[in-house]
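Student: I am new to this structure. Could you take me through it, one short step at a time?

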Amino acid sequence: MTTYHCERAWLPEGITQDVLITVAADGTIDAVTTPDRAHPQGYPQPPVDPSLLSPPTDRLAKGRPPREGRGLPEGVVSLRGLVFPGFANAHSHAFHRALRGRTHGDGGTFWTWRERMYALAAKLDPDTYLALARAAYAEMALAGVTCVGEFHYLHHAPGGRRYDDPNAMGAALIQAAKDAGIRLTLLDTCYLAGGINTPVSAEQLRFSDGTAQAWASRVAELKADATTRIGGAIHSVRAVPRAALSEVGACAGPLHVHLSEQPAENEACLAAYGRTPTELLSDAGVLSPRTTAVHATHLTAGDIALLGASGTGACFCPTTEGDLADGLGPARELLSAGSPLSLGSDQHAVVDPLVEARALEHGERFRTGERGRLSPDELLTAMTTAGHAALGWPEVGQLKVGAPADFVAVRLDTPRTAGCLPGQAMFAATASDVDTVVVGGRVIVREGAHMLGDVGSLLGKAIEGLWA
């Protein structure tokens, strides 16, 4: 067993000081030992032993916390700052990471950005995808992500040719997550059309299995394991015809769908079916608590009511939605209606769950002119329990006995976080303040460094090779 001393930890009952978390050999939390009192988030903490708050001078000079806390039993690992449950990134397209900083030269639109994305997709094979995804997932780990939902539609070779292993690209993603040390839910995505009543284009052939039956047959060959779970996805109502929605929606595991990301999608759906995309999914019986609507940006009041009443979740990706000029979705209204909120980094223009969380609240402020639309507790839920539940890991996301030992230590003594109230750390901290990340009891990030080494170099090598 390994025991960690947390200067502060965000437990289910609130922020608590001087917490000991003991991790069993199987990677679950065996014990959470606390003082007699817990302290509500956002309130000043009572005095503690200064020796637990002041690192040795030589470590302070390096900007690093001590690994062994003064006054602690031998072998207890000290985690300074605030320890959160692991963060869930509920929506990722790993290969989009190679687009960062390469799509801004001429402005353009979501649709012109998509053409650039297709050009990138055409360059990838299982080997180059493994290298890129491994580095992208390691970057996520550095930011505190312990579980990622990969919305995977890059299935086949260019032109639609099948690899000898039809799931070779999915296998690359599974291996990449294992190499990076994080959990993965592979949301294998059905993509059958280039638009409503439009065949797939040449660029989209590698995304498509041709029929829902062929898609389901291929997905059935994918296997879950201790760190991997398998789910499904409807790419969108543009890419899956109405007749196939129910069949795809019947897949096992969590189900995700891009929903109303662009007004043009709504307009096309209304013109073809006389229904909004949300209404179309509802008619097909797709909406349910195991379903997550990604983006859910351009919704009617009726759409919000349908999503909330069915318990369908909503995954917002604020930095991507801002980068692509998608717009601001009705986060508060969805949550109040009954839709759990989660967060994703989507195209990875930014990989920082803390920034995504406050961008969600900032978007609400921009949209309504009101502050405090989403409380710190609600933001933490989106980052942790709701995100993990959306990915089919309901047992993950809280620091409690029996849960997997996935947690993130965020420093509160950096130039960004110094002086902030612990309960409001997500309004001050960034990925740069993540010090230690543990997944299943295994340390994958220590003192801000990933176990794979220089992640920047890994990313540079993987990405530059694609554009050479």
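Tutor: One definition comes before anything else: helices (H or I, at least four residues) and strands (E, at least two) are DSSP runs, numbered from the N terminus. Names such as β7 and α5 follow that rule. Keep in mind that this is a predicted model.

Student: Then where does asparagine 197 lie?

Tutor: Strand β7 covers residues 183-190, and helix α5 covers 212-219. Asparagine 197 falls after β7 and before α5. Its place is the loop between β7 and α5.

Student: Is asparagine 197 buried or exposed?

Tutor: A residue counts as exposed over 50% relative accessible area. Asparagine 197 has 72% relative accessibility, so it counts as exposed.

Student: What is the phi of asparagine 197?

Tutor: Most residues other than glycine have a negative phi. Asparagine 197 is a residue other than glycine, yet its phi is positive. The value is near 60°.

Student: Where is alanine 296 found, and what is its phi?

Tutor: Alanine 296 sits in the loop between β10 (291-295) and α9 (301-310). It also has a positive phi without being glycine. That phi is near 45°.

Student: Is alanine 296 buried or exposed?

Tutor: Buried means under 20% relative accessible area. Alanine 296 has 0%, so it is buried.

Student: Let us step back. How many helices and strands does the protein have?

Tutor: Both kinds of element are present in the protein. The count is 15 helices and 16 strands.

Student: Which radius of gyration does the protein have?

Tutor: The protein has 468 residues. A compact globule with that many would come near 23 Å. The protein agrees with this, at 22 Å.

Student: What box do the C-alpha atoms fill?

Tutor: The box is taken along the principal axes. Its sides are roughly 70 × 45 × 45 Å.

Student: What share of the residues counts as buried?

Tutor: The cut-off is again under 20% relative accessible area. Of the 468 residues, the share that counts as buried is 58%.

Student: And what share of the exposed area do carbon and sulfur atoms supply?

Tutor: The protein exposes about 17400 Å². Carbon and sulfur atoms supply 53% of that.

Student: Now the sheet. In which order do the eight strands of the open sheet stand?

Tutor: The sheet is open, and its pairing is mixed. The order is β3-β2-β1-β4-β13-β14-β15-β16.

Student: Which strands stand at the edges?

Tutor: An edge strand here has a single partner, so one side of it is left without a neighbour in the sheet. The two strands in that position are β3 (29-33) and β16 (449-450).

Student: How many bridges join β13 to β14, and how many join β14 to β15?

Tutor: Strand β13 (residues 407-410) runs antiparallel to β14. Strands β14 and β15 also run antiparallel. The count is four bridges for β13 to β14, and three for β14 to β15.

Student: Which residue of β15 does valine 438 stand opposite?

Tutor: Valine 438 belongs to β14 and is the bridge partner of phenylalanine 407. Towards β15, it stands opposite valine 443.

Student: How many residues of β14 are buried?

Tutor: Strand β14 spans residues 434-439 and is mostly covered. The buried count is six of its six residues.

Student: In the hairpin of β15 and β16, which residue takes a positive phi?

Tutor: Strands β15 and β16 run antiparallel and are joined by two bridges. Two residues lie between them in the hairpin. The residue with a positive phi, near 55°, is glutamate 447.

Student: Finally, the helices. Is leucine 173 buried or exposed?

Tutor: Leucine 173 is in helix α4 (residues 168-180). Beyond four places in sequence, it touches residues including Ala94, Tyr129 and Leu186. Its relative accessible area is 0%, so leucine 173 is buried.

Student: Which residues does threonine 319 touch, beyond four places in sequence?

Tutor: Threonine 319 has its place in helix α10 (residues 318-323). At 14% relative accessible area, it is buried. The residues it touches are Val350, Val355 and Glu356.

Terms used:
Residues numbered from 1 in each chain as written. Predicted model: local features only at pLDDT ≥ 70, side-chain atom pairs only at ≥ 80, totals over all residues. Heavy atoms only, no water. Rg over C-alpha atoms; globule rule 2.2 N^0.38 Å. Buried < 20%, exposed > 50% of the residue type's maximum accessible area, 1.4 Å probe, protein only. Areas by Shrake-Rupley, 256 points an atom, 1.4 Å probe, with all protein chains shown as cover. Pairing = 2+ DSSP bridges. Contact = heavy atoms within 4.5 Å.
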